[in-house]
Amino acid sequence: MSSDVNLKFNESRNKNSSRMVRSDDFVNDAKNAYNLITTEDKPPDIKYEKENSWVAGVQMFISFLLAGFGMVAASLLLDVVQHWEVFSKVSEVYILVPALLGLKGNLEMTLASRLSTHAHLGHLDTSLGSLVVGNLCLIQCQAVLVGFLAAMAAVAMGWIPEGQFDIHHALLLCASSVLTASSASLVLGIIMIGVVVVSKKLNINPDNVATPIAASLGDLTTLALLSWIASLLFKSIGTSVILPSLIIIVGAWLVPVCGYIAWKNDFTQQALDEGWVPVVSAMIISSAGGLILDHTVSMYSGIAVYQLVINGIGGNMVAVHASRLSTQLHTGQKEGSVIGSTTKLLLLMVIPGQLIFIYTIGYLRAGHTSTTPTFILIYMSAALLQVFLLLTISHYMVRWMWGMGMDPDNSAIPYLTALGDLLGTALLGVAFSILFAIGDRDSDVGD
């Protein structure tokens, strides 16, 4: 399919080669080429009925609640593991956490977005096996390579300020990141395929439920694996470098093998070609968020339990927005007021959703947090501002990518979720600083 898309896009653009092509001509050519492909690929018996806003809202809110409790569990886990010896002795692991969790969220959410589009186009009914093999190999290839790059970034960011390089710490970070990324990709990829297939069979729009579930499962599974693997490898530091070196070598072997399989698959060739820059760029952006987290955790110990929640909720909401808009563009539906109503629904969901998670965390006494009215007001302001900025950016970014002939399913979500991590961590740090400055100095804000 991807080769046909590129061929027809080029044919459409070449028709204008004899004249000067203006930017609006280029946009129209891209739209016509992609609309031609998606129209041809649509089975004739599939009808794209207008979705009821309330039904969509219920589906999204239920999936957000399930995803949110998964992120609360991940936040509680981070609140516990931050006291483990590996986190206290190898502080670079903190830098690795947002980058690696963001990576897994990006890969699984782009997978969910692609599969949701394929589900609407009817490809799950005709080419499920090819879609499964190609996408599992694609995310395995991307996860291992970008996981290694994330570890290198964590090593560099930890080494440059202190001026000291520890080879054992570097091997620990690389091996932990590669093994975590590979294992989580396989497990989460299979789960996400199952979620999309089951959603379609139950007549539930996978655009509304798949990406939040992908993000929540990705956070919890990846953090648990990273903490466990890093802790086990930490025990071998100073005694042997064989095990972490072997893990890195096996990961290096997986990249070309899985990449070759994905390249030969018609459904994933374009994603393999387009997906590297967004995923690597997202990893760098998330690593910057990791630097902020590493700094703020040292001042405000209670921030860790909220970091995954604010980032996860923001990332989930913008991913649903981008996924729905991308599906509309692929299926040739008019945008109309549907995306506008979706944006309003998503913004409205921030308030009840975050309140539920705040009081859940407070009830569990996680991070020694006090849910005072002042804390709720400032935290909710940060959360609303984050989601508003993300949804605004998503609207323009997805449509710009589509107009430039790029598939938003492959490219938009990594940038958006990484920006969600960066904005969420930064705004949360500002919120805790404001709380501390105005005298709300409970243990959750560093007193």
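**Exercise 1. How do helices H13 and H15 pack?**

Task: Describe how the axes of helix H13 (residues 304-331) and helix H15 (residues 373-403) are placed, and decide whether the pair is roughly parallel or roughly antiparallel.

Solution:
- Start with the geometry: in this predicted model, the two axes come within 9 Å and cross at roughly 25°.
- Next, apply the cut-off: angles under 35 degrees count as roughly parallel, and therefore H13 is roughly parallel to H15.
- Then add the hand, which for the crossing of H13 and H15 is right-handed.
- Finally, sort the residues of this contact by class: 17 are nonpolar, 8 are polar and 1 is charged.

**Exercise 2. A second partner for H13**

Task: Work out how H13 is oriented relative to helix H16 (residues 408-437), and list residues that make the contact.

Solution:
- The axes of H13 and H16 lie 8 Å apart, and the packing angle is about 150°.
- Angles over 145 degrees count as roughly antiparallel, so H13 is roughly antiparallel to H16.
- The crossing of H13 and H16 is right-handed.
- On the H13 side, the contact residues include Tyr306, Ile310, Gly315, Ala319 and His330. On the H16 side, Pro408, Leu416, Gly420, Gly424 and Phe432 are among them.
- By class, the contact of H13 with H16 has 10 nonpolar, 9 polar and 2 charged residues.

**Exercise 3. Cysteines and disulfides**

Task: Find how many disulfides the structure holds, then say what lies around Cys141.

Solution:
- A search through the whole structure gives 0 disulfides.
- For Cys141, the nearest cysteine sulfur belongs to Cys258 and is 6.7 Å away. A disulfide needs the two sulfur atoms within 2.5 Å, so Cys141 is in no disulfide.
- Now check accessibility, where buried means under 20% relative accessible area. Cys141 has 3% and is therefore buried. Cys174, at 4%, also counts as buried.

**Exercise 4. Three residues, three settings**

Task: Classify Val97, Val55 and Asn203 as buried, partly exposed or exposed, and place each one in the chain.

Solution:
- Val97 belongs to helix H5 (residues 92-121). Its relative accessible area is 0%, so Val97 is buried.
- Leaving out residues up to four places away in sequence, Val97 touches Phe87, Leu223 and Leu226. Leu226 sits 129 residues from Val97 along the chain, yet their C-alpha atoms are separated by 8.2 Å.
- Val55 is part of helix H3 (residues 53-81). With a relative accessibility of 42%, Val55 counts as partly exposed. From Val55 to Ile204 is 149 residues in sequence and 9.4 Å in space, C-alpha to C-alpha.
- Asn203 is in the loop between helix H8 (167-201) and helix H9 (206-234). Its relative accessible area is 71%, so Asn203 is exposed. Look at its backbone too: Asn203 is not a glycine, but has a positive phi of about 65°.

**Exercise 5. The whole chain**

Task: Summarise the secondary structure, the burial and the contacts of the protein chain.

Solution:
- Count the elements: the chain has 16 helices and 0 strands.
- Look at burial: 56% of the 447 residues count as buried.
- Take the contacts with a separation of 6 or more: 86% of them join residues 24 or more positions apart. The Val97 contact with Leu226 joins residues 129 apart along the chain.

Key: Residues numbered from 1 in each chain as written. Predicted model: local features only at pLDDT ≥ 70, side-chain atom pairs only at ≥ 80, totals over all residues. Heavy atoms only, no water. Buried < 20%, exposed > 50% of the residue type's maximum accessible area, 1.4 Å probe, protein only. Axes fitted to C-alpha atoms, helices over the stretch in contact; angles between N-to-C directions. Helix = DSSP H or I, 4+ residues; strand = E, 2+ residues; numbered from the N terminus. Parallel < 35°, antiparallel > 145°, perpendicular 65-115°, else oblique. Left-handed = near helix turned anticlockwise from the far one by under 90°. Nonpolar A, V, L, I, M, F, W, Y, C, P; charged D, E, K, R; others polar. Contact = heavy atoms within 4.5 Å.
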